[in-house]
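Ready for a few short exercises at the bench-side desk? Have a look at the sequence and structure below, then work through each task before reading its solution.

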Amino acid sequence: MSNVIRIVVGEMATNCYLLESNNDIAIIDPGFEPEKIYQKLKELKGLAKYIINTHAHIDHIGANVRLKELTNAKILIHHRDAELLTQPSRNLGFFLGEPIALCKADQLLHEHDIIEIGDEKLEVIHTPGHTKGSICLVTKTFAFTGDTLFIDSIGRTDFPDGSEREILGSLRRLKELLTDNIAIYPGHGELGSFGKAKELNPFLNLE
Ligand SMILES: [Zn+2]
Ligand SMILES: [Zn+2]
């Protein structure tokens, strides 16, 4: 059995998630407010094994450094977003009023890698478009979709590393891969099934 806890952090209302399974915990997209995330973490049994970023925008990575200090968890990101982690001009950190501590990843991810958290196996699906190294983390029953897919919309593609053509291709791939009953844990906004996203999200109904 596993447990997903959503923590909304920062002014951009990022969905940070704690995935707990059999005494392992993954922290997914810790954008801001590391102390708030750490408080929730301490309420769970188990240890933080990984910090996983669905992509390297500041609202998904901003608490990496502090949470790594607190937990010693390894930071994982897709290899095509690795450079952005420490470049405020590309990870949008320069939009913030004050600089934020940044660090490199401990391990780089590739398409079809499997990340084990207790009994759960998260498969890395490369879904470029919002950034070049955006990923979804997919199991048989749920998927973390970052800013590639929200329930009723998608992430912006007008930043330097974005591509509308690529994100539409990534959405077509998700449609082939995900069944309607899969629970979607997006990077922002409400949660819902993939079936609900197909009803509400115009970008899943193009062509
Ligand atoms: Zn983003
Ligand atoms: Zn975001």
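Before starting, one cut-off is needed: four donors count as tetrahedral if all angles lie between 85 and 135 degrees, and as square planar if opposite donors are over 155 degrees apart and all others between 65 and 115; anything else is irregular. Please keep in mind that this is a predicted model.

**Exercise 1. Find the protein donors of the zinc ion (ligand 1) and classify its site.**

Step 1: List the donors. They are H55 (NE2), H57 (ND1), H130 (NE2) and D147 (OD), at 2.1 to 2.4 Å from the zinc ion (ligand 1).

Step 2: Look at the angles. Among the 4 donor atoms they run from 86 to 169 degrees, and the site is irregular.

Step 3: Read the spacing along the sequence. The donor residues follow H-x1-H-x72-H-x16-D. The pair H55 and D147 links distant parts of the chain, 92 residues apart: H55 sits in the loop between β4 (47–52) and α2 (58–61), and D147 in the loop between β10 (142–146) and α5 (164–177).

Step 4: Check burial, for which the cut-off is under 20% relative accessible area. H55 has a relative accessible area of 1% and is buried; D147, at 5%, is buried too.

**Exercise 2. Do the same for the zinc ion (ligand 2), and find which residue bridges the two zinc ions.**

Step 1: Name the donors. The zinc ion (ligand 2) is coordinated by D59 (OD), H60 (NE2), D147 (OD) and H188 (NE2), at 2.1 to 2.3 Å.

Step 2: Classify the site. Its 4 donor atoms make angles of 88 to 158 degrees, and this site is irregular.

Step 3: Trace the donors along the chain. Their spacing is D-H-x86-D-x40-H. Both D59 and H60 are buried.

Step 4: Identify the bridge. D147 bridges the zinc ion (ligand 2) and the zinc ion (ligand 1), which lie 3.4 Å apart.

**Exercise 3. Work out the strand order of the open sheet of 6 strands, and say which strands stand at its edges.**

Step 1: Write down the order. It is β7-β8-β9-β10-β11-β12, with mixed pairing.

Step 2: Go to the ends of that order. β7 (114–117) and β12 (192–193) each have a single partner strand, so one side of each is left without a neighbour in the sheet.

Step 3: Zoom in on one pair. Strand β9 (residues 135–138) pairs with β10 in the antiparallel sense over 2 bridges, and V138 stands opposite A143 in β10.

**Exercise 4. Describe how strands β1 and β2 are joined.**

Step 1: Establish the pairing. Strand β1 (residues 2–9) and strand β2 (residues 14–21) are antiparallel partners over 8 bridges. One bridge partner to locate is E20 in β2, which goes with N3.

Step 2: Examine the turn. The two strands, β1 and β2, form a hairpin with 4 residues between them, and G10 in the turn has a positive phi of about 75 degrees.

**Exercise 5. Find the residues that line the largest cavity, and sort them by class.**

Step 1: Count and size. The structure holds 1 cavity of 30 Å³ or more, and the largest cavity has a volume of about 30 Å³.

Step 2: Collect the lining. It is made by H57, L84, R90, H130, T131, F159, P160, D161 and G162. Among them, H57 and H130 are also donors of the zinc ion (ligand 1).

Step 3: Sort by class. The lining has 3 nonpolar, 4 polar and 2 charged residues.

Notes: Residues are numbered from 1 along each chain as its sequence is written. Chains are lettered from A and ligands numbered from 1 in the order in which they are written. This is a predicted model: local features need pLDDT of at least 70, side-chain atom pairs count only at pLDDT 80 or more; totals for chains, interfaces and linings use all residues. Side-chain values use heavy atoms; hydrogens and water are left out. Donors are N, O and S atoms within 2.8 Å of the metal (3.2 Å for Na, K and Ca); water is not among the atoms, so sites may look incomplete. Four donors count as tetrahedral if all angles lie between 85 and 135 degrees; four count as square planar and six as octahedral if opposite donors are over 155 degrees apart and all others between 65 and 115; anything else is irregular. Buried means under 20% relative accessible area, exposed over 50%, partly exposed in between (1.4 Å probe, protein chains only). Two strands pair if DSSP finds at least two bridges between them. On a 1 Å grid over the protein atoms alone, a cavity is a set of points where a 1.4 Å probe fits but cannot get out, and a pocket is an open set with protein on both sides within 12 Å along at least five of seven lines; lining residues have an atom within 4 Å of a point. Grid points are joined across faces, edges and corners, and a volume is the space filled by probe spheres set on the points. Ala, Val, Leu, Ile, Met, Phe, Trp, Tyr, Cys and Pro count as nonpolar, Asp, Glu, Lys and Arg as charged, and the others, Gly among them, as polar.
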